[in-house]
Amino acid sequence: MKTKIAVAKGDGIGPEIMAAVLRIFEAANVQLDYEFVEMGKSYFDAGHSTGMTAAAKETIERLGLLFKGPMETPKGKGVKSINVTARKVWNTYANQRDFRSLNGVDTVFSKAGIPINLTIVRENIEDTYGGIEHLLTNDVAVGRRIITRPGSAQVIRYAFEMARRKGYTKLACGHKANIMKLTDGLFLETFYEIAREYPDIESSDIIVDDLCMKLVSRPEMFQAIVLTNLQGDIVSDLCAGLVGGLGFAPSANIGDNISIFEAVHGTAPDIAGRGIANPTALLLSGILMLRYLGFTTAAANVENSLLYTLEQGVHTGDFGDKSVASVNTDTFADAVIANLGKVPAKGEVIGQPDVQVKANHDHPLKNKLTVTKAATTEEMVGVDVFVESSKQPNELAEIAQRKQTDNFKLVMISNRGTQVWPTGSIFTELVNEYRIRFEKKDGTEITQKEILHIAADLSEDFKVCSVEFLMKFDGKLGYTLAQGQ
């Protein structure tokens, strides 16, 4: 019996490269059946705010797997990216992207004889990709960066399992915990907690800017790297550049119930309809999908044929030996089909080490709420009140000090994260949004109502933009100090 999956052809070159890939699958006798769904730019334009029809959503949730071409989100219409929305709505928490040197695809590293074979696992649904942003003043915009312990644990555990499956001996955690001590700090802390369960894998961490430098100077150092969403997005594209570009970068978005396999390059509207697009990235993503579904023999057959085809110098116009005539999309697919059963001289795929079995797909009756073990003690210790003001720090402090109570004392005022009161520098340039921090006095207990009362009092003199409680969890500060505090 064939396995049925949902397929979205995509926008721009999407329909052309999807047709080529499905034709290769058919020739390889892959046991798949397809239910095509309506998604993409034309559905935004038709009034579907999510970029997909209700029928498409139902089909994907029923089948549990989506194979999609590149899609465009209309610009300037206030709509969210359909690609990001799909990943988040269906909780595809782990984005896996494999990068390897391909014969026939020349790069700086291939010419230097340095083979690249590494995997990036990116957290896929949290971080700044929540898109929670606000203009606090006409000059100041802020975005919330959400990192959670359960979300971090999901993707990090997936990365360790993936590394073990592939036979990797090393997994690194990329981060910026030296600056973002609570958000990246939480991610890094969770990494090392889970690492203890995988003593067979060497665990390490590296600051993300240092990681980028080493990736372009010594990429052979790494086997697999797990990162938060935004940093993982950037590093993934950097790694694509190491192996020839996004046209050779497969992508899998893995969730417990629904998974998405896609090419992450653009829709290339300038060449759409001309039949010259490169289908390699989508084909490689499809090969990842076949392994995920358990079709490992078919995956090896198709991948070996692709590698053999590239090795023979067959190429579309975007890569390859320019002294050899390029072929169009259909001719490239024809070559892969003709080479089924052949193996490359280098890099033959044998006995897939990264076999995956599709998770049992069911329909939950309610939204899953994931909570880790709560802290033993929680203590409210103060409040940060963000206000709009064009006053100087000392003027602001005079007003804020009048709002102190028997339980609260003013301890700090900052601007763009840098302390400007009680100490600071006259050379610190200011914007018209400040953070005013009150902390409870020793020996006192405070309540949420008292904290909100402080903010209400400040609202008599300023526009209050935001309020954040200051907490301690098991005696550990749940907030950061200002620069210079």
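Trainee: Why does Phe 67 count as buried?

Mentor: Buried means under 20% relative accessible area, with exposed over 50% and partly exposed in between, for a 1.4 Å probe and protein chains only; Phe 67 has 0% relative accessibility and therefore counts as buried. Phe 25, also at 0%, counts as buried on that ground. This is a predicted model, in which local features need pLDDT of at least 70 and side-chain atom pairs count only at pLDDT 80 or more, while totals for chains, interfaces and linings use all residues. Residues are numbered from 1 along each chain as its sequence is written, and side-chain values use heavy atoms, leaving out hydrogens and water.

Trainee: What makes Phe 25 and Phe 67 a stacked aromatic pair?

Mentor: Rings of Phe, Tyr and Trp (its six-membered ring) pair if their centres lie within 6.5 Å, and planes under 30 degrees apart count as stacked, over 60 as edge-to-face and the rest as tilted. For Phe 25 and Phe 67 the centres are 6.4 Å apart and the planes 20° apart, so both criteria are met.

Trainee: How do you know that Phe 160 and Tyr 198 are stacked?

Mentor: Their centres are 4.8 Å apart, with 15° between the planes, and both residues are buried. Ring pairs also link Phe 160 and Tyr 198 with Phe 191 and Tyr 192 into a cluster.

Trainee: What makes Lys 9 a charge over the ring of Phe 36?

Mentor: The definition asks for NZ of Lys or CZ of Arg within 6 Å of the ring centre and within 35 degrees of the ring normal; the charged end of Lys 9 sits over the Phe 36 ring, 5.2 Å from its centre.
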